[in-house]
Amino acid sequence: MMQLLVPLQLHAAGRSSQDIGFTLSAGAVVYIVVSALSVQLGPRITNRRANAAMAALMALALLPALLGSATAWVITALLLTVVPRAVTGTVAYALATGDREEGG
């Protein structure tokens, strides 16, 4: 949803396609870096507690968008939500398959 709403909001604020693309690219770079760090943490972060914490952080990361629709708030919300989304996206498959293996 962020990849749809952020460009629409930035476009409405008069930002160029280049600025919007740069913003989304910055988000992608943050996602890749956080995913790589998540893999390095391995079992320490591949658990339900860490996944629940990331879900809570994701909700909190949306707060800047509630403060206003100015470009800075929108970009801040995008970049803050990328971190917990990257972690949950990286560990989700490990959590799903780990429970399956434990259950037989």
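## Report on an all-helical chain

Val 34 is found in helix H2, which covers residues 17-41. The model discussed here is a predicted one. Val 34 is buried, because its relative accessible area of 14% falls under the 20% limit for that class. Leaving aside residues up to four places away in sequence, Val 34 touches Val 83, Ala 86 and Val 87. Pro 64 stands 30 residues from Val 34 along the chain, and the C-alpha atoms of these two residues are separated by 21 Å.

**Overall architecture**

The chain contains 5 helices and 0 strands, and from the N terminus on its elements follow the order α-α-α-α-α. Taken along the principal axes, the C-alpha atoms of the chain fill a box of roughly 55 × 25 × 20 Å. The chain has 104 residues, of which 27% count as buried. Its exposed area amounts to about 6800 Å², and carbon and sulfur atoms supply 67% of that area. Of the contacts between residues at least 6 apart in sequence, 73% join residues at least 24 apart.

**Helix H2**

With 25 residues, H2 reaches 36 Å from its first C-alpha to its last, close to the 36 Å expected at 1.5 Å a residue. The buried residues of H2 are Ile 20, Thr 23, Gly 27, Val 34, Ser 35 and Ser 38. An α-helix has 3.6 residues a turn, so residues three or four places apart point the same way. Ser 38, also found in H2, is buried because its relative accessible area is 4%. Beyond its neighbours up to four places away in sequence, Ser 38 touches Ile 45, Val 87 and Thr 90. Val 87 is thus a contact of Val 34 and also of Ser 38. After H2 comes Gly 42, whose phi is positive, near 50°.

**Nonpolar cores**

The largest nonpolar core has 8 residues: Val 34, Ile 45, Ala 50, Met 54, Ala 86, Val 87, Val 91 and Leu 95. Helix H3 (48-61) and helix H5 (71-102) are the elements that give two or more residues to this core. H5 provides the largest share, with 4 residues. Another core, of 7 residues, lies apart from it and includes Met 2, Leu 10, Ile 20 and Val 74.

**Surface and loop positions**

Leu 8 is found in helix H1 (residues 2-12). Leu 8 counts as exposed because its relative accessibility is 52%, over the 50% limit. Together with Met 1, Leu 4 and Leu 5, Leu 8 forms a nonpolar patch on the surface, and the accessible area of these four residues together is about 470 Å².

Ser 69 lies in the loop between helix H4 (63-67) and H5. At 49% relative accessibility, Ser 69 counts as partly exposed. Val 6 is 63 residues away from Ser 69 in sequence, but the two are 9.9 Å apart in space, C-alpha to C-alpha. Not counting neighbours within four places in sequence, Ser 69 is in contact with Gln 9 and Val 74. Val 74 also belongs to the 7-residue core.

The accessibility of the individual residues discussed above is collected here.

| Residue | Relative accessible area | Class |
|---|---|---|
| Ser 38 | 4% | buried |
| Val 34 | 14% | buried |
| Ser 69 | 49% | partly exposed |
| Leu 8 | 52% | exposed |

Notes. Residues numbered from 1 in each chain as written. Predicted model: local features only at pLDDT ≥ 70, side-chain atom pairs only at ≥ 80, totals over all residues. Heavy atoms only, no water. Patch = residues over 30% accessible without salt bridge, like charges linked within 9 Å, V, L, I, M, F, W, Y side chains within 5 Å. Areas by Shrake-Rupley, 256 points an atom, 1.4 Å probe, with all protein chains shown as cover. Salt bridge = Lys/Arg side-chain N within 4 Å of Asp/Glu carboxyl O. Buried < 20%, exposed > 50% of the residue type's maximum accessible area, 1.4 Å probe, protein only. Contact = heavy atoms within 4.5 Å. Expected span 1.5 Å × (residues − 1). Core = buried A, V, L, I, M, F, W, Y, C linked by side-chain atoms within 4.5 Å.
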